[in-house]
Amino acid sequence: MKKTILFLDHSEILGGSQLVLINYLKYLSRKDFNLVVACSGKNSFLLKEYERFAKVYIICFSRLKRFSLGVITDFFKGVIDVVILLYREQIDIVAVNTERAFYLGVVACFFKKGKLVLFIRDYCYNKLLLKSLLPRVSKVFCVSESIKNFYELKAAKVIYVSSDMSERISNVSQHEILKFKQKYGLENKFVVGYAGRLVEWKGIRWLLKAVEKLGAVDAVCVIAGNISDLPKDLAKYTNLTAFKFIGFKDKVEVFYRAIDVFVHPAIEKEPFATTLVEAQMAKVPVIATNLGGNVEIITNTQTGLLIEPRSEEQIVSALLRLHSDNLLRERIIAKAFSEVMKKHFITGEIAFLQDVFKTL
């Protein structure tokens, strides 16, 4: 008999957690599961992607960082919305993808009993509140050992993020790559890539400063992300020829095929950077700071290069090293691709989750 799974995700922005959820919706067996999503509906791209693979409901997700009558009212409105969904769709499993969604899901499941599965993908949960609510949760999955250790969750299981990027890459034509390179003036350049949010903690400042210092290397830095997130004092870089701010790209596999190296310069702990996995599947060498989940993806000088945060000098050094040392570059690409396909190809994660959901 089919089980019905409700995925809760409050996010109004496209991040790694939402990309993972899209993959779950895309690949989970329709023979075994009916899939329902409840989201804020405030991001048109996410809404469209969710609707491709599941029945979607838009509900109220209250902001929880401040205490007021309005916040409390919105919270319980959201709880009511979820409870109605639990009965309307006869939900068997509630799978929670984000923090705000977790609190709604926990409270809603008091009113209609169901199995609650929590995916912890960031460091923002209140530790005391989280632990007090965990008895209500059937399964807890952490996106990395770093997250598991941060919350001291001995009983939780780590499920690393997976991807189908290797398959998507295989469908990119040479014509698409050439067109992309011509559009942004990348021919015969050393192309440095970054994809993600352009917020301060992601370290975009340090990458821009590093590329500016590359000097003799004829480099172009291609940045895929929402430019409205860029700190105002970095706006000057949008006018420099060495930097191409291309915005969000829904066909990111073309971006990966057009770059020579991918840099993830976060200055705070990254729970698990999906972009690193994607770049490795695209056979692009990666450079990342030695924080959080990054060290669980990269073995230094074997499957990528690890650097200290807040250091444009180390970014410069790593970029020059990969630019000049072809043997190192090819060795890293081959080793990283072999490892990422063993550990992070989409079929492994989906098979595991399907077994979990079937047995709940």
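The following conversation walks through the sheets, helix packings and loops of a predicted model.

Trainee: What is the strand order of the open sheet of seven strands?

Mentor: Strands of a sheet pair through backbone hydrogen bonds, either parallel or antiparallel. In this open sheet of seven strands the pairing is parallel, and strand 1 (residues 3-9), for instance, is joined to strand 4 by four bridges. Read across the sheet, the order is 3-2-1-4-5-6-7.

Trainee: Which strands stand at the edges of that sheet, each with a single partner strand?

Mentor: The order of the sheet runs 3-2-1-4-5-6-7, and the strands to look for are those with one side left without a neighbour in the sheet. Because each of them has a single partner strand, the edges are formed by strand 3 (55-58) and strand 7 (157-158).

Trainee: Which residue of strand 4 stands opposite Leu6?

Mentor: Strand 1, which covers residues 3-9, runs parallel to strand 4, and four bridges join the two. Leu6 has its counterpart in strand 4, and that residue is Val94.

Trainee: Which strands does helix 1 touch where it packs on the sheet?

Mentor: The direction of helix 1 makes about 165° with that of strand 1. Helix 4 (residues 99-111) also lies on strands of this sheet, across strand 1, strand 4 and strand 5, and it runs at about 170° to strand 5. Helix 1, for its part, touches strand 1, strand 2 (33-39) and strand 5 (115-120).

Trainee: Are helix 1 and helix 15 roughly parallel or roughly perpendicular to each other?

Mentor: Two packed helices are described by the angle between their axes and the distance between the axes. For helix 1 (residues 16-27) and helix 15 (residues 346-359), the axes come within 11 Å and cross at roughly 70°. Val20, Asn23, Tyr24 and Tyr27 of helix 1 meet Ile346, Glu349, Ile350, Leu353 and Gln354 of helix 15, and these contact residues divide into six nonpolar, two polar and one charged. Since an angle of 65 to 115 degrees counts as roughly perpendicular, the two helices are roughly perpendicular.

Trainee: How is helix 11 placed against helix 14, oblique or roughly perpendicular?

Mentor: Helix 11 (residues 274-281) and helix 14 (residues 326-344) pack with their axes 8 Å apart, at an angle of about 120°. The range for roughly perpendicular is 65 to 115 degrees, so helix 11 is instead described, relative to helix 14, as oblique.

Trainee: Which residues make the contact between helix 11 and helix 14, and how many of them are nonpolar?

Mentor: The crossing of these two helices is left-handed. Helix 11 contributes Val277, Gln280 and Met281, while helix 14 contributes Ala336, Phe337, Val340, Met341 and His344. None of the contact residues is charged, two are polar, and the number that are nonpolar is six.

Trainee: Which strands are the edge strands of the open sheet of six strands?

Mentor: The pairing in this sheet is parallel, and the strands follow the order 10-9-8-11-12-13. An edge strand here is one that pairs on one side only, and the two that do so are strand 10 (243-245) and strand 13.

Trainee: Which residue of strand 11 is the bridge partner of Val192?

Mentor: Strand 8 (residues 190-195) is joined by six bridges to strand 9 (residues 219-224), where Cys221 stands opposite Val192. Two bridges join strand 8 to strand 11, and these two strands run parallel. In strand 11, the partner of Val192 is Val261.

Trainee: Which residues of strand 11 are buried on the two faces?

Mentor: In a regular strand the side chains alternate between the two faces of the sheet. Strand 11 (residues 261-264) is covered on both faces, with Val261 and Val263 buried on one side, and on the other side Phe262 and His264.

Trainee: Is Gln90 buried or partly exposed?

Mentor: Gln90 is found in the loop between helix 3 (69-88) and strand 4 (93-96), and it has a positive phi of about 50° although it is not a glycine. Buried would require under 20% relative accessible area; because Gln90 has a relative accessibility of 48%, it counts as partly exposed.

Key:
Residues numbered from 1 in each chain as written. Predicted model: local features only at pLDDT ≥ 70, side-chain atom pairs only at ≥ 80, totals over all residues. Heavy atoms only, no water. Axes fitted to C-alpha atoms, helices over the stretch in contact; angles between N-to-C directions. Parallel < 35°, antiparallel > 145°, perpendicular 65-115°, else oblique. Left-handed = near helix turned anticlockwise from the far one by under 90°. Contact = heavy atoms within 4.5 Å. Nonpolar A, V, L, I, M, F, W, Y, C, P; charged D, E, K, R; others polar. Buried < 20%, exposed > 50% of the residue type's maximum accessible area, 1.4 Å probe, protein only. Pairing = 2+ DSSP bridges.
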